[in-house]
Amino acid sequence: MTQPLILDGKAVAESVYKKLLLDVSLLSFVPRIVFIRVGEDPASQSYVRSKEKRCLELGLRGETLVFPETLGEDELMGKILNLNRDKDVIGILVQLPLPKHMDKAKVLCSIDPRKDVDGLHPENAGLLLQGKPRFVPCTPAGILEMLNFYQIPVEGKRAVVIGRSEIVGRPMAQLLLNVNATVTVCHSKTVDLPEELKRAEIIIAALGKPGFVKEEMVSPGATVVDVGINRVDGKIVGDVDFEKVKLKAHAISPVPGGVGPMTIAMLMKNLVMAATAQSQKS
Ligand code: NAD
């Protein structure tokens, strides 16, 4: 039996960083990004730490503002407006999830779209929809980068995206559409998901259900990208039954070590892009 191609996100991310180091060396200033974390969610703490660490490694300035869970929405937006006005700040990222009393859409909308390196502002979402992307949400951008790196053909292919969230599923579908895939988006109300999956040449699983995509749902030779991050018995597992599905797939991404590393790599890419745009303006 032929071995599947393992889509190694760590290796692809390293190749992105190599290029970014060069881009950063050409800038006349050190780009600064401010991460905003509200509350003490352990996963958010760890994500922000990894982002800060990567900034340091690339010679970028990453700073984190930490606020208590009780912070008011208006207060948070006031802080964001100050960062919008600060010429020294190139990127602003509000780590999600926000506390329940805050309106996420309203908060994200208060970020200057030219500093919105997470690509979640409606202006950036609209540009992606028009096929003129500026900042694309990092996880789907990373998936497309990974498919390109491994030269997985996308144009004309039947792609099924499982999940329609604003941060992964929707922008993923849009990105695939922009590179001429035939895209189906499935979600919790899809009637016959296994049937949809069987037709797919590319599957992007982003539903947050451990081991949900089984061998019998996948056609031989499909490319399967696993976005899921699920904690099961203290271990991180994806949305795909990796050990069984890999026997059928042409290519498959593992969890961990697949999509995860690409997400931070694309954030850094967006930040360097914002800095380059800024330096061309001044
Ligand atoms: P979400 O909860 O916002 O969205 C889940 C989506 O899956 C929804 O659109 C829902 O309709 C769909 N869904 C749920 N159950 C389903 C079912 N049984 N059948 C079909 N569709 C179903 O989640 P999200 O933020 O999009 O994240 C999805 C997963 O990806 C999570 O595990 C999350 O932790 C992970 N994630 C990983 C990264 C990364 O960097 N690797 C980044 C973001 C999210």
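Helices, runs of H or I with at least four residues, and strands, runs of E with at least two, are DSSP runs numbered from the N terminus. The model described here is predicted. Most residues other than glycine have a negative phi, and most peptide bonds are trans. This briefing presents two cis peptide bonds, and then two residues with a positive phi, together with their places in the fold.

**Cis peptide bonds**

- Leu96 and Pro97 are joined by a cis peptide bond, whose omega is near 0 degrees.
- Pro97 is located in a loop that runs between strand S4 (91–94) and helix H4 (104–109).
- A cis peptide bond also leads from Val255 to Pro256, here with omega near -5 degrees.
- The loop between strand S11 (251–252) and helix H10 (259–281) holds Pro256.

**Positive phi outside glycine**

- Gln151 is not a glycine, yet its phi is positive, at about 55 degrees.
- The loop that contains Gln151 lies between helix H6 (138–149) and strand S5 (158–162).
- With a relative accessible area of 68%, Gln151 is exposed, because exposed means over 50%.
- Asp233, likewise not a glycine, has a positive phi of about 50 degrees.
- Asp233 is placed in the loop between strand S9 (230–232) and strand S10 (235–237).
- The relative accessible area of Asp233 is 78%, so this residue is exposed.

Terms used:
Residues are numbered from 1 along each chain as its sequence is written. This is a predicted model: local features need pLDDT of at least 70, side-chain atom pairs count only at pLDDT 80 or more; totals for chains, interfaces and linings use all residues. Side-chain values use heavy atoms; hydrogens and water are left out. Buried means under 20% relative accessible area, exposed over 50%, partly exposed in between (1.4 Å probe, protein chains only).
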